[in-house]
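These are notes for a colleague opening this entry for the first time. They are best read with the structure on screen.

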Amino acid sequence: MNDIQAIENRVSRRLYLEKEIDIKKMIKLKKLINQINEEHNLRISLIDDAREAFWGFRKSYGFFKGVRSVIALKGLQGDSNLKEKLGYYGEKIVLEATKLGLGTCWVGGTFDADDPSFNTQAEEELVCVLTIGYSQLDKSLREKFIHSFTHRTRKSSDKFYSSDKNSLPKWFLFGIELAAKAPSAKNKQPVKFEYKNNIVRASVDEKGEFDLVDLGIAKLHFEIGSKGKFEWGNGAAFIPK
């Protein structure tokens, strides 16, 4: 499975089987996480057992069940691009987990952020987490209900961009198609792409707490489809290969 196939196949999962992740899969995930942390000065960690942070209706509002393992998306305080980076590299981990046959879900607030299992240091900021593990093969009625309760209708890809051109290159349109499939907080899909003067930019209004996280996720999806690289920052330019 490649990244494009992983984007097509991946869906948010909230109900998990209460069992440990296979050791070979854990090794692959930890290797990727360590590489990301070393190259980009982040503090992401895979926690094998974070059940106390999710179990109980008070902690997860009934939206999650059976959560055992999580990925804590953390970085150093003071990094102006921290949320965007964690969205970008967190989604890289999500796609790798999808290739390994694991379920995942982006989580902003429905967990106990003060739980000691996250081991957040004084100089660090815990922005959000990813639940990860073996999900049920088919979505249960409960999970379908939760999904309908927490998500709104997704926008079509043509609603994601503005342009000063009538005819757009195929690489741009394919990048937009994959960006439209990017997960976002409450499925708000706040990221806007602009193609003007032959320059592509991506931006958010920063009205929501996790808009910059969503920006990082959408940038990654666009890059996978268009074979280039965005600069960091809200409204930053895309550099095609």
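1. A salt bridge here is a side-chain nitrogen of Lys or Arg within 4 Å of a carboxyl oxygen of Asp or Glu. With that cut-off, a search of the whole structure gives 13 salt bridges. The model is predicted, and side-chain atom pairs count only at pLDDT 80 or more.

2. Overall make-up. The protein chain has seven helices and nine strands. Of its 241 residues, 49% count as buried. Among contacts between residues at least 6 apart in sequence, 73% join residues at least 24 apart.

3. The salt bridge of Lys 99 and Asp 3. The closest N and O atoms of this pair are 2.6 Å apart. The two residues belong to distant parts of the chain: Lys 99 is in helix 4 (residues 82-99) and Asp 3 is in helix 1 (residues 3-9), with their positions 96 residues apart in the numbering. Lys 99 has 31% relative accessibility and counts as partly exposed. Asp 3, at 29%, also counts as partly exposed.

4. The salt bridge of Asp 48 and Arg 68. The N to O distance is 3.1 Å. Both residues sit in loops, Asp 48 between strand 1 (45-47) and helix 3 (57-60), and Arg 68 between helix 3 and strand 2 (69-76); they are 20 residues apart. Are the two partners buried or partly exposed? Asp 48 counts as partly exposed at 25% relative accessibility, whereas Arg 68 counts as buried at 14%.

5. The salt bridge of Glu 124 and Lys 74. Here the closest N and O atoms are 3.5 Å apart. Glu 124 lies in strand 4 (residues 124-133) and Lys 74 in strand 2, so the salt bridge ties together parts that are 50 residues apart in sequence. Glu 124 is buried at 7% relative accessibility, and Lys 74 is buried at 4%. The pair belongs to a network in which salt bridges with shared partners join Arg 43, Lys 74, Glu 123 and Glu 124.

6. The surroundings of strand 2. Seven of the eight residues of strand 2 are buried, which leaves this strand mostly covered. Strand 1 runs antiparallel to strand 2 and is joined to it by three bridges. In this pairing, Ser 45 stands opposite Ala 72. Strand 2 also pairs with strand 4, again in the antiparallel sense, over eight bridges. Gly 75 has Glu 125 of strand 4 as its bridge partner.

7. The three-stranded sheet. What is the strand order in this open sheet? The order is 5-6-7, with mixed pairing. Strand 5 (161-163) and strand 7 (199-203) are the edges; each has a single partner strand, so one side of each has no neighbour in the sheet. Neighbouring strands are turned by 15° against each other on average, direction ignored.

8. The hairpin of strand 6 and strand 7. Strand 6 (residues 192-196) runs antiparallel to strand 7, with five bridges between them. Lys 196 has Ile 199 as its bridge partner in strand 7, and Phe 193 stands opposite Ala 202. Two residues lie between the strands of this hairpin, where Asn 197 takes a positive phi near 55°.

9. The two faces of strand 7. In a regular strand the side chains alternate between the two faces of the sheet. Along strand 7, Val 200 and Ala 202 point to one face and are buried. Ile 199, Arg 201 and Ser 203 point to the other face and are not buried.

10. Helices against this sheet. Helix 6 (residues 170-179) lies across strand 5, strand 6 and strand 7, and runs at about 170° to strand 6. Helix 7 (residues 211-226) also packs on the sheet, where it touches strand 6 and strand 7; its direction makes about 150° with that of strand 7.

11. Internal space. How many cavities of 30 Å³ or more does the structure hold? There is one. The largest cavity has a volume of about 50 Å³. The residues lining the largest cavity include Phe 160, Ala 179, Pro 183, Gln 189, Asp 214 and Ala 218.

Key: Residues are numbered from 1 along each chain as its sequence is written. This is a predicted model: local features need pLDDT of at least 70, side-chain atom pairs count only at pLDDT 80 or more; totals for chains, interfaces and linings use all residues. Side-chain values use heavy atoms; hydrogens and water are left out. Two strands pair if DSSP finds at least two bridges between them. Helices (H or I, at least four residues) and strands (E, at least two) are DSSP runs, numbered from the N terminus. Axes are lines fitted to C-alpha atoms, for helices over the stretch in contact, and angles run from 0 to 180 degrees between N-to-C directions. Contact means heavy atoms within 4.5 Å. Buried means under 20% relative accessible area, exposed over 50%, partly exposed in between (1.4 Å probe, protein chains only). On a 1 Å grid over the protein atoms alone, a cavity is a set of points where a 1.4 Å probe fits but cannot get out, and a pocket is an open set with protein on both sides within 12 Å along at least five of seven lines; lining residues have an atom within 4 Å of a point. Grid points are joined across faces, edges and corners, and a volume is the space filled by probe spheres set on the points.
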